[in-house]
Amino acid sequence: MNNRGNERDLTPLMARLGYAFKEESLLRRALTHSSYANESGRNLQSNERLEFLGDSVLGLTAAMHLFQKEKGPEGELTKLRAAVVCEKALFSYAKEIGLGGWLMLGRGEAQNGGAERPSIVADAFEAVTAAIYLDGGMEAARDFLLPFLEKEASNQRRAHFKDYKTQLQEIVQQNPGEVISYVLTGESGPDHNKQFTMEVHLNSNVIGSGRGRSKKEAEQKAAREALRLMGYDD
């Protein structure tokens, strides 16, 4: 087993978490893998129940954040939420705070690289989330999670952004003489929440339209509609 176990000073870890526990036993339990608990012979509780609770706290926090900050339809929000709370994402969050090195693992698990195993470390991140929630409430858990969620959501948006205007232009350029242009056809809403409507024209023909919070966003949506009508589904 990890020989530092329950006696290890957790102050440096709490500094990384940005949260000081009133009840440190919650954090110690969150770090206790079932392999360590089983080998300890001290009737220790593993982090599995905390992991169960943390999954729900994480899911609700992500859903609320995306609902408030993202303007996409339900399907896009669902995909984005899944991306920011998946095992790969949780493992990356945990690595940022060096969580793996703080886990209490049984001898076999430690020797087999359990501290670097995504499933174990991601589960521990959920358990730590639950521990913070139980110790400090939902606001404390939210403050802990949001920097990770915001960063990953931004990464996901960049990774999945498609430049539909460029794609449409490249297709049209295959036919010499064809000209693409974008025309503003509508503008509504107060200054702080404008909505723009753009049409994309192929020569003089309208081949797509789109609305967005900026002219560029509306142009991208118009180009996307044009591509769909042309049979280039994304």
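## A three-stranded sheet and its surrounding helices

In this predicted model, three strands form an open sheet in the order β1-β2-β3, and their pairing is antiparallel. Strands β1 (180–188) and β3 (205–212) stand at the edges with a single partner strand each, so one side of each has no neighbour in the sheet. From one strand to the next, the twist averages 20°.

### Pairing within the sheet

Strand β2 covers residues 195–202 and is joined to β1 by eight bridges, the two running antiparallel. Within this pairing, E187 has F196 of β2 as its bridge partner, and I180 stands opposite L202 in β2. The β1 and β2 hairpin has six residues between the strands, and G189 there takes a positive phi near 90°.

On the other side of the pairing order, β2 and β3 also run antiparallel, and seven bridges join them. Here M198 has G210 in β3 as its bridge partner. The hairpin of β2 and β3 has two residues between the strands, and in this hairpin N203 takes a positive phi near 60°.

In a regular strand, side chains alternate between the two faces of the sheet. One residue of β2 can be followed in some detail: H201 is found in this strand. H201 counts as buried because its relative accessibility is 14%, and buried means under 20%. Its side chain and that of E199 are joined by a polar contact of 3.0 Å. Leaving aside residues up to four places away in sequence, H201 touches V179, I180, S181, V183 and V206.

### Helices across the sheet

Which strands does helix α10 lie across? Helix α10, made of residues 164–172, lies across β1, β2 and β3, and runs at about 145° to β1. Helix α11, residues 215–229, also lies across β1, β2 and β3; its direction is at about 135° to β3.

### Helices α6 and α8

Two packed helices are described by the angle between their axes and the distance between the axes. For helix α6 (residues 87–96) and helix α8 (residues 118–136), the packing angle is about 75° and the axes are 8 Å apart. That angle makes α6 roughly perpendicular to α8, because the range from 65 to 115 degrees counts as roughly perpendicular.

On the α6 side, the contact is formed by E87, L90, F91, Y93 and A94; on the α8 side, by P118, S119, V121, A122, F125 and E126. By type, the residues of this contact divide into eight nonpolar, one polar and two charged.

### Helix α3 and the loop after it

Residue Y36 has its place in helix α3 (residues 34–40). Y36 is buried, with a relative accessible area of 3%. Its C-alpha atom is separated by 12 Å from that of Q111, although the two residues are 75 residues apart along the chain. The side chain of Y36 also makes a polar contact with the side chain of R42, at 3.3 Å.

S40 is found in α3 as well, and S40 is buried with a relative accessible area of 14%. A polar atom of the S40 side chain lies 2.9 Å from the backbone oxygen of A37. The S40 side chain also reaches the backbone nitrogen of R42 at 3.2 Å. R42 is thus approached through its side chain by Y36 and through its backbone nitrogen by S40.

N43 has its place in the loop between α3 and α4 (48–69). Is N43 buried or exposed? N43 is exposed, since its relative accessible area is 74% and exposed means over 50%.

### Positive phi outside glycine

Most residues other than glycine have a negative phi. N43 has a positive phi near 55°, and N203 has a positive phi near 60°. N203 lies in the loop between β2 and β3 and counts as partly exposed at 40% relative accessibility.

The table sets out the accessibility of the residues described above.

| Residue | Relative accessible area | Class |
|---|---|---|
| Y36 | 3% | buried |
| S40 | 14% | buried |
| N43 | 74% | exposed |
| H201 | 14% | buried |
| N203 | 40% | partly exposed |

Technical notes
Residues are numbered from 1 along each chain as its sequence is written. This is a predicted model: local features need pLDDT of at least 70, side-chain atom pairs count only at pLDDT 80 or more; totals for chains, interfaces and linings use all residues. Side-chain values use heavy atoms; hydrogens and water are left out. Axes are lines fitted to C-alpha atoms, for helices over the stretch in contact, and angles run from 0 to 180 degrees between N-to-C directions. Helices (H or I, at least four residues) and strands (E, at least two) are DSSP runs, numbered from the N terminus. Angles under 35 degrees count as roughly parallel, over 145 as roughly antiparallel, 65 to 115 as roughly perpendicular and the rest as oblique. Contact means heavy atoms within 4.5 Å. Ala, Val, Leu, Ile, Met, Phe, Trp, Tyr, Cys and Pro count as nonpolar, Asp, Glu, Lys and Arg as charged, and the others, Gly among them, as polar. Two strands pair if DSSP finds at least two bridges between them. Buried means under 20% relative accessible area, exposed over 50%, partly exposed in between (1.4 Å probe, protein chains only). A polar contact is a pair of N or O atoms within 3.5 Å; within protein, one must be able to donate a hydrogen and the other to accept it, and residues adjacent in sequence count only if both atoms are side-chain atoms.
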